[in-house]
Amino acid sequence: MKTENTRADRILDFLGWILLIGTLAYLILGWSSFPDQIPMHYNGAGEIDRWGGKGEIIFIEVMMWILYLGIGVVEKYPQIWNTGVEVTAKNKEKVYRTLKYMLKTLKFLTALIFAYLIVNSLQSAPLPGWFTPAVMILVFGDMAFWLLRLFRIKK
């Protein structure tokens, strides 16, 4: 089954691409102005606990693109999704639409989190104390919201 993109899908995709292209442009245009050593790991409180060469940030950028594009490929093939509910002819459209929304929002949140980490690291700043709890709430809250909607779909 092919699930068509809604306006919300297109907006989330557009914003995700802005984040991907924006961070890539930020890296390219600002490369010479970034410090040679940047934070590469933070503890749960947001304190820097490992420094690395600025070239290591390229790995984070590449991972951001791989995750974003990988989730994009997966969202095009609903037949491979583990729905967690019985898919029937009657509920198929709602089940796949709900799961597609979940994938779209998680894809956007992934890009947002990676973009924030890249920019923050290149500024050699510790993460704010709210970052880890906010990420946990955003990601798990988003998944919980869509999974609850999914399990409320009748057969």
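**View 1. Surroundings of helix H1 in the predicted model.** Helix H2 (57–74) and helix H3 (92–122) are among the elements that cover the buried residues of H1, where helices are DSSP runs of H or I with at least four residues, numbered from the N terminus. Those buried residues (under 20% relative accessible area, 1.4 Å probe, protein chains only) are Asp9, Leu12, Asp13, Gly16, Leu19, Leu20, Thr23, Leu27 and Gly30. The end C-alpha atoms of H1 (residues 7–30) are 34 Å apart, which agrees with the 34 Å expected for 24 residues at 1.5 Å a residue, the expected span being 1.5 Å times one less than the number of residues. This is a predicted model, in which local features need pLDDT of at least 70 and side-chain atom pairs count only at pLDDT 80 or more, while totals for chains, interfaces and linings use all residues. Residues are numbered from 1 along each chain as its sequence is written, and side-chain values use heavy atoms, with hydrogens and water left out.

**View 2. The packing of H3 and H4.** The axes of H3 and helix H4 (131–151) lie 9 Å apart at an angle of about 170 degrees, which makes H3 roughly antiparallel to H4 (an angle over 145 degrees). By class, their contact (heavy atoms within 4.5 Å) has 17 nonpolar, two polar and two charged residues.

**View 3. Ser124 in the loop between H3 and H4.** Although Ser124 is not a glycine, its phi is positive, at about 55 degrees. With 24% relative accessibility, Ser124 counts as partly exposed, a class that lies between buried and exposed (over 50%).

Methods: Helices (H or I, at least four residues) and strands (E, at least two) are DSSP runs, numbered from the N terminus. Axes are lines fitted to C-alpha atoms, for helices over the stretch in contact, and angles run from 0 to 180 degrees between N-to-C directions. Angles under 35 degrees count as roughly parallel, over 145 as roughly antiparallel, 65 to 115 as roughly perpendicular and the rest as oblique. Ala, Val, Leu, Ile, Met, Phe, Trp, Tyr, Cys and Pro count as nonpolar, Asp, Glu, Lys and Arg as charged, and the others, Gly among them, as polar.
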